[in-house]
Amino acid sequence: NMVKRIIAAVLAASALAAGVSALAGCAQETYVEYTLYSSDGEEIRTDNFSENPGEDADGQTPSDSAESAPEGSYYVVTGYSGRPQNVVIPAEINGIEVRGIGEQAFTRCRMTTLEIEEGVTEVGQAAFIYCGTLESAVLPSTLNVGESMFGMCIYLKSVILPEGITSIGNQAFYSCYALAEIKTGEESDSSSSVNLPSTLTSIGGHAFYDCNALSGEVTVPEGVTEIKQYAFSLCSSVTSFVIEGDVTEIGFGAFGGCHALTGITIPDSVERIGDYAFSNTYELDSITLSASLSYLGQYAFHESGVTEVVMPAGKGCYLYNRELEEDEEVGSDDVKGILYNFYYDESLENDENAKGRIPSTALADSAQIAEWLKGDIISAYCYFVSV
């Protein structure tokens with residue numbers, strides 16, 4: 001028995017020592033990793049700095065002091081260690097340019113605030129994805145918003161996107177549920193909580209998908225020519241969209257699920273409106289479609305609240321069971337076989353020339369059109385032609 005006790009005591013002591021050792025290994029130094037590249041893009045070394053190198057002049061490692069950087073070299077932020085909280089990415093460190101932030105450099109970082117200084121120009125895909133504690137971010141005018149840059153940053157509340165930014169990438173703010181304020185940082189910012197930079201020319205697909213804390217009116221700047229698929233889908237607190245420029249296409253589900261949407265301004269330049277574009281817009285009562293409209297996808301107003309849809313004047317409509325190929329002409333005999341089984345008037349049910357075709361006279365009844373688009377022709381592909 002005594003031998004057994006001694007053995008048990010030794011094993012317990014060993015386990016305790018191992019546990020202490022393991023815990024000691026958990027104490028991780030906090031720093032941000034900057035990889036130095038030569039002017040021709042060759043990796044030189046990696047240096048570790050504090051989360052805000054500008055505040056800590058002694059932040060460099062011994063290797064930084066011992067080695068100078070070759071002329072034309074630059075840094076890219078490539079990772080982190082520990083728990084950086086208030087991260088500032090400067091445009092230079094010790095006279096060396098900080099060019100950008102690498103792909104997934106801060107994935108799941110437990111930071112609270114982020115500031116990227118003027119002069120940083122590049123960002124890799126998903127640079128800050130899943131930063132679950134990030135609450136605010138300030139970007140420079142020199143850096144576009146990268147693809148999936150802040151995806152699933154579920155506590156991100158406010159972002160500054162200055163004038164000069166030209167693009168917001170695909171899924172840039174995907175499922176940023178708490179995002180309630182976007183400002184340009186200019187004094188001219190309106191009282192609206194959402195102010196996109198007027199210099200924008202591109203908003204990617206799913207860019208603001210499920211940003212359900214965005215509210216009020218959102219203006220899409222005039223330089224943007226396409227509202228891509230699901231760009232504002234599930235922005236369920238936005239009440240109004242104003243599209244200022246010459247947008248030619250509204251993509252698949254672009255405004256679907258905007259439950260509080262009561263109004264939207266569609267410019268006459270819009271030629272195509274994709275499937276499900278305004279589906280589940282329960283508060284949207286009326287809408288005027290563009291004069292240039294040539295295509296309206298199926299289920300465009302599925303489960304919407306529209307009671308009036310004003311169609312483009314002087315146009316008739318052909319309804320098809322599928323999208324037409326590029327070499328298939330609207331209304332031609334070649335595509336007669338795929339006409340949607342619809343007659344705008346019951347008396348024409350036996351008239352093959354009337355099948356799947358609505359003349360401009362029948363399109364003039366906005367209440368009837370709303371009813372058809374939510375019911376009888378909900379799954380048709382609509383093609384508009386001048387008459």
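**Aromatic pairs and an acidic patch**

Student: Why is Phe106 called buried in this predicted model?

Tutor: Its relative accessibility is 0%, and buried means under 20%, so Phe106 counts as buried.

Student: And Tyr80, why is that one called partly exposed?

Tutor: Tyr80 comes out at 26% relative accessibility. Partly exposed sits between under 20% and over 50%, so that's the label Tyr80 gets.

Student: How many aromatic pairs are there?

Tutor: The count comes to 24.

Student: What makes Tyr80 and Phe106 a stacked pair?

Tutor: Their ring centres are 5.9 Å apart and their planes sit at 5 degrees. Pairing needs centres within 6.5 Å, and stacked needs planes under 30 degrees apart, so the pair is stacked. Tyr80 is in strand S3 and Phe106 in the loop between strands S6 and S7, so the pair ties together parts 26 residues apart in sequence.

Student: How do you know that Phe128 and Phe150 are stacked?

Tutor: Same test: centres 5.6 Å apart, planes at 15 degrees, so yes, stacked. Phe128 lies in the loop between S8 and S9, and Phe150 in the loop between S9 and S10, so this pair links parts 22 residues apart in sequence. Both Phe128 and Phe150 are buried. One aromatic cluster includes Tyr80, Phe106, Phe128 and Phe150, with Phe173 and Phe301 also among its members.

Student: What about charge: which residues form the negative surface patch?

Tutor: Glu325, Glu326, Asp327, Glu329, Asp333 and Asp334.

Student: Why is Glu326 called exposed?

Tutor: Its relative accessible area is 86%, and exposed means over 50%, so Glu326 qualifies. Glu326 sits in the loop between strands S23 and S24.

Terms used: Residues numbered from 1 in each chain as written. Predicted model: local features only at pLDDT ≥ 70, side-chain atom pairs only at ≥ 80, totals over all residues. Heavy atoms only, no water. Patch = residues over 30% accessible without salt bridge, like charges linked within 9 Å, V, L, I, M, F, W, Y side chains within 5 Å. Areas by Shrake-Rupley, 256 points an atom, 1.4 Å probe, with all protein chains shown as cover. Salt bridge = Lys/Arg side-chain N within 4 Å of Asp/Glu carboxyl O. Lys, Arg positive; Asp, Glu negative; His and termini not counted. Charge placed at Lys NZ, Arg CZ, Asp CG, Glu CD. Helix = DSSP H or I, 4+ residues; strand = E, 2+ residues; numbered from the N terminus. Buried < 20%, exposed > 50% of the residue type's maximum accessible area, 1.4 Å probe, protein only. Phe/Tyr/Trp six-rings, centres within 6.5 Å; stacked < 30°, edge-to-face > 60°.
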